[in-house]
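Reader: Got a minute to walk me through this one? I'd like to go over a few sheets and helices with you.

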Amino acid sequence: MKKIFVFLLFTVMASAVNAQQFIAEGRKALAVIPSETSAVPKAKVSLNGSWEISMNPGNEVWKNDSGNWQKIQVPGEPAMQGFKVENDKEFFYKTTVNVPASAKNKTTLIRFNGVYSYARVFVNGHFVREHFGGFTAWDADISAFVEPGKPAIVYVGVTDRADDISYASGYAFHPIGGILREVQLLVVPTDYINRFYVQTDFENDFKEAKLSLTVAKSKAKGNSKIKFQLYDASGKAVLNQSQTFDLANNGEGKFSVTVSNPILWNQEQPYLYTLKAELISAGKSEEKIEQKIGFRKVAVDGKRVLVNGQPIKLRGGCRHDMHPLLGRSTNRYYDSLDVAMAKKANLNFIRTSHYPPSQDFLEFADKYGIYVQEETAICFVNDWREGVYKKLGETSNDLAFTSRYLGQLSEMIDRDRNHAAVIMWSIGNESDYGINFQKEYEFVKSVDLSRPVSWSWPATAFKENKRCFDIAVAHYPDFKGKDEENFGLAIKNMEHESLPLLSDEWAHVACYNTTLLKADPNVKDFWGQSLDLMWANRFDVPGNLGGAIWGMTDETFHLKDGVTGYGPWGFIDVWRREKTEFWNTKKAYSPIRVLKTKFESTEANAFLNVPVKNRFNHISLDQIRLKITISGKSFDQPMPALKPHEEGIIKVAISDTNNPVLLQFYDSQNNLIDEEQLTFNKPIALQAKTLKLKWNVKKTDKLIALESEGLTVKLDAVTGELLSSEINGEKIVTGATRVIVNKPKQPDAFKETPGIYSGEYKVKSAMVNTDDKSIVTVTSEGTIDDYPVKMTTVYQADGTINIEYEIENVPEYTWQIGLALPVANTFETIEWKRKGYWSTYPSNHVSANEGKAKRFSDIKETYRVQPAYDVSQGMYDYYLKSTIDPAKADMKGTEMYRGTKENILSVDLTSGNKKIEVISNGLQAAKMNILESGQQELLIMDKSDYWSLSWGNFAGTKNNSKSLKGIAIVKLVQKK
């Protein structure tokens with residue numbers, strides 16, 4: 001029989017368990033933030049805002065207030081605000097806190113939600129406490145040092161320690177030390193609640209639930225009671241009456257109650273109840289607590305993970321806290337926006353890499369439905385670290401660091417265990433196994449059996465015959481799903497031999513390959529094929545959970561004096577604009593997969609049978625609204641009742657095969673999930689029309705001029721090369737057409753590789769035939785670098801140019817093979833039609849199936865100011881250009897203009913009433929290439945790939961032949 005490990009939202013502990021086991025030694029349990037404290041007008045007050053900072057404080061600054069003080073915004077990185085933070089050098093914040101008079105005979109706390117990475121707190125000249133770890137919440141009890149009704153002076157010493165186990169400053173490429181998350185003043189009872197754990201368990205096929213509470217007080221003084229009631233989403237009481245239970249002399253108590261027919265919480269139906277509780281001591285109400293809870297259960301069933309008994313597939317992203325002006329900081333607005341954008345992009349899963357998120361973020365994940373893998377702040381232990389951090393990073397077996405490992409882990413679990421969205425804990429990222437990771441795993445299992453545990457690198461534990469995880473993690477698997485050794489972990493048929501397999505980093509967004517990113521913004525669209533193939537190849541593999549894109553948001557820190565960070569590795573930029581990759585993510589991760597979008601006309605009788613797959617985990621497709629648009633008329637049609645992960649048919653009535661059919665899928669809140677355009681195949685021929693115009697040919701020893709109705713083409717009389725073309729005296733083409741073979745220096749580069757770009761065409765022999773005055777033919781042979789080349793160019797008097805080429809010694813890996821046509825800078829608009837990878841794109845997408853782009857935009861660009869334009873219209877890249885000067889960051893053209901258009905049907909360049917038309921058959925690519933000089937050329941490519949995407953991504957197809965033939969047809973036109 002298959003062994004099933006069941007994980008509940010909380011595990012009921014034996015009655016003898018004491019409070020200390022829930023929080024690591026040396027750490028203090030958090031106060032549960034009350035909705036109300038007796039006789040206190042406001043139990044929680046924000047301390048965010050303007051504080052003061054001194055980077056060079058004097059000795060015992062908390063006593064003598066020495067040092068130079070300047071204003072600073074809290075929360076937020078000091079470095080992002082122009083202050084120089086150094087490793088292992090303490091600096092100080094100070095602020096004045098108004099302690100309310102109502103705090104008399106109460107406990108007054110300052111809640112720090114994240115101070116990186118070591119902090120000391122002083123109040124009114126007295127030391128209060130210290131804290132290690134930059135991303136967990138902790139309380140400073142200042143009651144003994146303040147007088148209610150009077151202001152208190154608070155000093156916070158902060159040290160960005162190079163030995164911090166998170167390595168967070170290391171991978172941010174600058175010291176991030178500071179108060180990174182919000183600060184609050186809490187007033188709670190003298191003996192306040194500091195443990196409030198909720199558990200749901202189920203019987204009778206989830207029709208009956210047991211709701212259990214475990215509660216503890218901070219000081220265990222006297223006898224107290226807990227009174228509670230559960231409310232549904234409409235505010236109606238669920239229990240017949242409020243429930244009450246006593247806390248024992250040690251201040252702890254446990255109670256459970258049965259709830260019939262609970263509405264379950266899952267990511268697709270995130271139903272939340274409200275639990276209201278009251279602490280009563282000596283018959284008097286002390287404080288009230290209000291929390292949102294979800295009824296749900298997680299189970300590991302062999303190699304599958306179940307939520308509420310249903311197997312889940314995770315389509316996710318890796319998220320960092322990232323504020324455009326405050327750095328590794330966050331606030332409620334950005335937390336809510338990240339969840340909303342994740343949902344819009346069809347993510348159902350977020351990994352909080354590489355540290356716990358804010359409480360606000362988890363609140364929104366609960367509310368809107370996102371599965372969360374919550375990770376403790378441990379990264380690159382014995383692995384990947386650089387510089388000063390490397391020698392201090394070997395801590396996995398160092399018992400002097402055990403308290404740090406367990407301390408911040410316990411703080412994370414203590415605060416966040418009641419969140420339904422959190423379905424697994426991660427105890428560290430990309431680290432070598434050691435005893436401290438084993439202790440972490442054992443700690444989790446001693447305090448919370450409700451969720452499985454993940455960790456990387458698992459192979460380093462297996463090597464020691466150890467296991468500190470329930471889920472096997474693989475990073476950056478090959479998109480094809482081939483058998484592989486993934487950082488030492490054996491994977492066969494995209495599964496681990498015994499555990500669920502999760503790739504909580506996969507499909508790395510183009511980031512490190514800066515040469516390619518500068519040259520061609522379309523690499524961002526091409527990446528979408530990797531994600532699609534990655535996910536589609538694994539969806540039906542039972543033991544493969546799925547994965548998380550690296551990453552979600554760009555990692556570019558816009559410091560006042562420069563840009564740093566890993567780079568643009570997100571499908572969302574730091575300003576929370578949708579990048580090119582966003583649509584690719586939405587499409588690849590769509591929970592509704594239309595399996596066929598191109599049909600033959602003969603398939604359309606009265607109906608089209610459109611195959612579809614339900615890739616939701618919990619809901620049937622008949623809960624989705626389908627809108628169909630044909631010939632401008634729209635109507636709704638019921639969806640088939642396909643269960644999760646089933647395939648079926650949508651029958652679409654059709655009477656006209658000349659127009660496309662648009663299918664749009666909406667959720668219950670009328671949000672667009674996905675759309676597909678159904679089209680009918682029609683043959684496309686690559687050929688130019690021949691008109692009966694004649695050239696007027698003029699020859700000299702050096703020049704051949706062809707003239708026809710205002711069009712002039714000038715050829716070199718010796719080499720036959722095109723020198724220029726003009727229409728009524730205006731330059732159109734400015735130089736010779738050349739064959740290009742551009743390639744990466746290192747196609748499998750782990751990160752960056754420069755390009756090797758082919759040079760000029762050296763003609764060895766040429767012949768110009770002007771006998772037929774309607775067409776002039778130029779044939780030539782020569783070389784481009786080490787590549788033998790043959791070219792035949794036919795000039796028609798109507799402006800059509802037909803270029804055929806043949807090239808030998810083609811290398812195995814190339815970026816671009818085709819033709820480059822230098823064009824005048826007066827051409828500033830490109831229009832195109834193409835057969836895209838997806839059947840639909842937004843109109844402003846870099847790689848839309850039909851689009852129009854201008855080379856220049858009227859953007860007024862200012863560094864560190866929110867851009868007011870779509871990413872596709874951007875002309876400036878501070879990171880890629882390594883500058884904060886907009887003039888130097890200028891990419892000399894918009895992304896939409898510069899990006900390759902693959903599978904083109906037609907491309908038009910326009911300059912006033914002049915036009916260059918490219919005629920194609922859907923098998924070629926075209927690109928406007930902007931040279932460093934600012935001059936531009938039109939590339940028409942028969943082969944385009946993106947080698948150096950690497951990281952398991954699809955990067956293109958190898959050239960299996962040493963020779964390649966191609967053709968390009970362009971037409972020079974003057975519009976009437």
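Author: Sure. Bear in mind that this is a predicted model. One place to begin is an open sheet of three strands, ordered E37-E39-E42, with antiparallel pairing.

Reader: Which strands stand at the edges there?

Author: Strand E37 (592-594) and strand E42 (647-653). Each has a single partner strand, so one side of each has no neighbour in the sheet.

Reader: And by how much are neighbouring strands turned against each other?

Author: On average by 35°, direction ignored.

Reader: OK. How many bridges between E39 and E42?

Author: Seven, in the antiparallel sense, with E39 covering residues 607-614. If you want a spot to look at, Pro611 stands opposite Ile649 in E42.

Reader: Switching to helices. What's the span of H3?

Author: H3 takes in residues 332-344, and its end C-alpha atoms are 18 Å apart. That agrees with the expected span, because 13 residues at 1.5 Å a residue should also give 18 Å.

Reader: Which of its residues are buried?

Author: In H3 those are Tyr334, Asp335, Asp338, Val339, Met341 and Ala342. Looking down the helix axis, the buried residues fall within an arc of 165°, so they line one face of H3.

Reader: What do they pack against?

Author: Strand E26 (349-351), helix H4 (359-368) and helix H10 (580-588).

Reader: How about the ends of H3, what caps the N-terminal one?

Author: Asn331 does, with a side-chain oxygen 3.2 Å from the backbone nitrogen of Tyr333. After the helix comes Asn346, which has a positive phi, near 70°.

Reader: You mentioned H4. Which residues are buried in that one?

Author: Asp360, Phe361, Leu362, Phe364, Ala365 and Asp366. The buried residues of H4 pack against H3 and E26, and also against strand E27 (371-375), helix H5 (402-416) and strand E28 (422-426).

Reader: What follows H4?

Author: Gly369, with a positive phi near 95°.

Reader: Back to sheets. What's the order in the one with five strands?

Author: E2-E21-E20-E17-E18, an open sheet with antiparallel pairing. Strand E2 (36-37) and strand E18 (243-247) stand at the edges with a single partner strand each, so each has one side without a neighbour in the sheet.

Reader: And E20 with E21, how many bridges?

Author: Nine, antiparallel, between residues 273-281 of E20 and residues 284-293 of E21. Within that pair, Ile280 stands opposite Ser285 in E21.

Reader: Last stop, Val739. Which strand is it in, and is it buried or exposed?

Author: Val739 lies in strand E50, residues 738-744. Val739 is buried, as its relative accessible area is 0%.

Reader: What's it in contact with, ignoring neighbours within four places in sequence?

Author: Ser758, Ile784, Val789, Met791, Tyr805, Ile807, Gly818 and Leu819. Val789 is 50 residues away from Val739 in sequence, yet their C-alpha atoms are 7.9 Å apart.

Reader: Which strands does E56 pair with?

Author: Among them is E50, running antiparallel to E56 with five bridges; there, Ile740 stands opposite Gly818 in E56. Another is strand E61 (residues 936-944), antiparallel over eight bridges, where Ile817 stands opposite Lys943.

Reader: And how many residues of E56 are buried?

Author: Eight of the eight, residues 816-823, so E56 is largely enclosed by the rest of the structure.

Terms used
Residues numbered from 1 in each chain as written. Predicted model: local features only at pLDDT ≥ 70, side-chain atom pairs only at ≥ 80, totals over all residues. Heavy atoms only, no water. Helix = DSSP H or I, 4+ residues; strand = E, 2+ residues; numbered from the N terminus. Buried < 20%, exposed > 50% of the residue type's maximum accessible area, 1.4 Å probe, protein only. Contact = heavy atoms within 4.5 Å. Pairing = 2+ DSSP bridges. Axes fitted to C-alpha atoms, helices over the stretch in contact; angles between N-to-C directions. Expected span 1.5 Å × (residues − 1). Arc of directions from axis to C-beta. Polar contact = N/O pair within 3.5 Å; in protein donor to acceptor, adjacent residues only side chain to side chain.
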